[in-house]
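Q: I am new to this structure and would like a close look at a single part of it. Could you walk me through the space enclosed inside and what surrounds it, and then show me how that part sits among the rest?

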Amino acid sequence: MTDTFDTDVLIAGAGPTGLTLACDLARRGVGCRIVERGGRGFPGTRGAGIQPRTREIFEDLGVLDAVHAVGGTYPLIMRWDGETQLGTFDIMERHAPTPDRPYGETWMLPQWRTVEILTTRLEQLGAQVEFSSELTTLTQDTDAVTATVRRPGGGEDLIRARYLVAADGGRSAVRKSLDVGFDGAMLDSPPMLIGDAMIDGLSRDHWNVWPTAPGGMVSLSPVKGAESFYFLVHFATPGAQPDADRDARPDTLQHLLRRRTKHDLTIREVRWSSVLSPRAAMADRFRLSRVFLAGDAAHTHSPTGGQGLNTSVQDAYNLGWKLGAVLRHGAPPTLLDSYDGERRKVAADVLERTTRILGEDRKDTDTGFSRRGSDTHQLDLGYRDSPLTEERREALADDALHAGDRAPDAPCADREGSPVRLFDVFRGPHFTVLTFGDSPVPQLPEEAEGTVHAYRVRDATADPRTADLIDSAGHAQRAYADTGLFLVRPDGYTALATHDPAEVTAYLSWQYADASTAPGH
């Protein structure tokens, strides 16, 4: 087999998962191609909840302003019994922004808008999606993956890539072709008819829910960033099974909603519809040699709690920097093994959480939905048990920042007194070293030039000449520590916390050496 490669990474699927990964790889200078069997533009809302952690990721990728420009916060739920209003209910736990957590609530944006924004960002970075191109077969050897891609006219191309990432959804053709197990079960919930429709006769001020509608609950939510409503109709009668082709026709859906809600609604257009029977399942492994599974191809679960898109985006964000380190900076290929170990545990936790929320929703007949707590924000997810994580300090308080935790934000100032956030210095495809108090500045490996940024963080009493960042209000010290060194991974998690600068140097050196020097070896 030839050792010529068409690209470093081939991505199958241009949903939020594949596009996030493609954007991350493109800004790292990693050659990638992304193929999508569908055409450009998908009208469905689907994953509409952008959680606070994902907003932080989108800020790093340079798309958060666009996300904020066209989305909005979730409205309150208005409970109905026919034509009678029963009062409002806030399904979301919301927090005001804090210095360490700048985003405190879920942002509503239809998935097609998210895809549109990420596609535009990818094009700005010099890459583009190959639409109407379906990956049909693949083979692996010790050096690469060779994939057959069917083009719009029916012709086929062979693409040889060092790695392949399957982001092709819950029915992943790549996962099936590799015969990777995808164990799970249907969840105890009635089937649902879901979709987007243009509806007249209903206010857009609230998320409207009829929890005890005859035949099953009805939910009609105005979509921020679009003119449509997202509809969800339960078919709770034993034996009832929705049919998208039949029940989602405008006239049929109009009759169904009028009968259940007692409102004189008019359906002008149904833009997208599907039948959802919630299932929880996870792949036996997220990596098979040179192929990685990400997003719904790796795990699928109930949409309750708004976790699916967000977990998938984080899969991509976790994998992107590791592929970049291996392909561009000489990191040992064993680094890629950590993707499975880190993300499978998170996916298992998400499956448990969404299944629990679904059960709570079914019990809550007053509102139809249970309250979504701050655990759905995904800010507290981390990798403390990862072999990439090294906590070298002792006697830490339970609520202290530990290695493996998400690295907090904090407002500071540079030497000239201009405002700068820690998220500003984290932004980009590099590692970041933060040195607090009197801790010595570590010596960075010569090979790390440009891939590691180091900052001395001092309080307001320090000589500005001895600092890179002035923590004038003490927010950074409260979030991290009065003294010590923290190495922040490119995906915004603390890899190492120590008082010894030599340990920072040693940790960074493994990127450019053989696998035996990597953390955990």
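**The largest cavity and its surroundings**

A: Helix H2 is a good place to begin, as H2 gives the most to the lining of the largest cavity, with five residues. Please keep in mind that you are looking at a predicted model. The average pLDDT of the protein is 91, and 96% of the residues score at least 70. One stretch to treat with care is residues 514–521, where the pLDDT is below 50; in the model this stretch has 13 contacts beyond near neighbours in sequence.

Now to the space itself. Searching the whole structure turns up one cavity of 30 Å³ or more. The largest cavity holds about 180 Å³ of space. It is lined by 17 residues, and those closest to its centre are Glu56, Asp60, Tyr317, Phe423 and Phe426. Two helices, H2 (52–61) and H10 (422–426), each supply at least two residues of this lining. By kind, the lining of the largest cavity divides into seven nonpolar, three polar and seven charged residues.

Let us stay with H2 for a moment. How many residues of H2 are buried? Ten of the ten are, so H2 is largely enclosed by the rest of the structure. You can follow the buried residues of H2 in order: Pro52, Arg53, Thr54, Arg55, Glu56, Ile57, Phe58, Glu59, Asp60 and Leu61. Two names in that list, Glu56 and Asp60, you have already met among the residues closest to the centre of the largest cavity. After H2 comes Gly62, which has a positive phi, near 85°.

For a companion view, turn to an open space, the second largest pocket. Its volume is about 570 Å³. Of the 26 residues that line the second largest pocket, Asp380, Arg384, Leu401, Asp405 and Arg406 are the closest to its centre. Helix H9 (337–363) and helix H11 (475–479) are the elements that give two or more residues to this lining. The largest share comes from H9, with five residues. Sorted by kind, the lining of the second largest pocket has ten nonpolar, three polar and 13 charged residues.

Next, the cysteines. How many disulfides are counted in the model? The count comes to zero. Cys23 is in no disulfide, and the nearest cysteine sulfur, that of Cys32, lies 8.6 Å away. Cys23 has a relative accessibility of 1%, so it counts as buried, the cut-off being under 20%. Cys412 has a relative accessible area of 7%, so it is buried too.

Finally, here is one residue of a strand to set beside the helices. Thr435 is found in strand E25, which covers residues 431–436. With a relative accessible area of 1%, Thr435 is buried. What does Thr435 touch, leaving aside residues up to four places away in sequence? Its contacts are Pro440, Val441, Pro442, Tyr455, Arg456, Val457, Arg458, Gly484 and Leu485. As a sense of distance, the C-alpha atoms of Thr435 and Ala185 are separated by 48 Å, and these two residues are 250 residues apart along the chain.

To return to where we began: the largest cavity has about 180 Å³ of space, and H2, with ten of its ten residues buried, gives five residues to the lining of that cavity.

Terms used. Residues numbered from 1 in each chain as written. Predicted model: local features only at pLDDT ≥ 70, side-chain atom pairs only at ≥ 80, totals over all residues. Heavy atoms only, no water. 1 Å grid on protein atoms, 1.4 Å probe; cavity = no way out; pocket = protein on both sides within 12 Å on 5 of 7 lines; lining within 4 Å. Points joined across faces, edges and corners; volume = space filled by probe spheres on them. Helix = DSSP H or I, 4+ residues; strand = E, 2+ residues; numbered from the N terminus. Nonpolar A, V, L, I, M, F, W, Y, C, P; charged D, E, K, R; others polar. pLDDT = per-residue confidence, 0-100. Contact = heavy atoms within 4.5 Å. Disulfide = S-S within 2.5 Å. Buried < 20%, exposed > 50% of the residue type's maximum accessible area, 1.4 Å probe, protein only.
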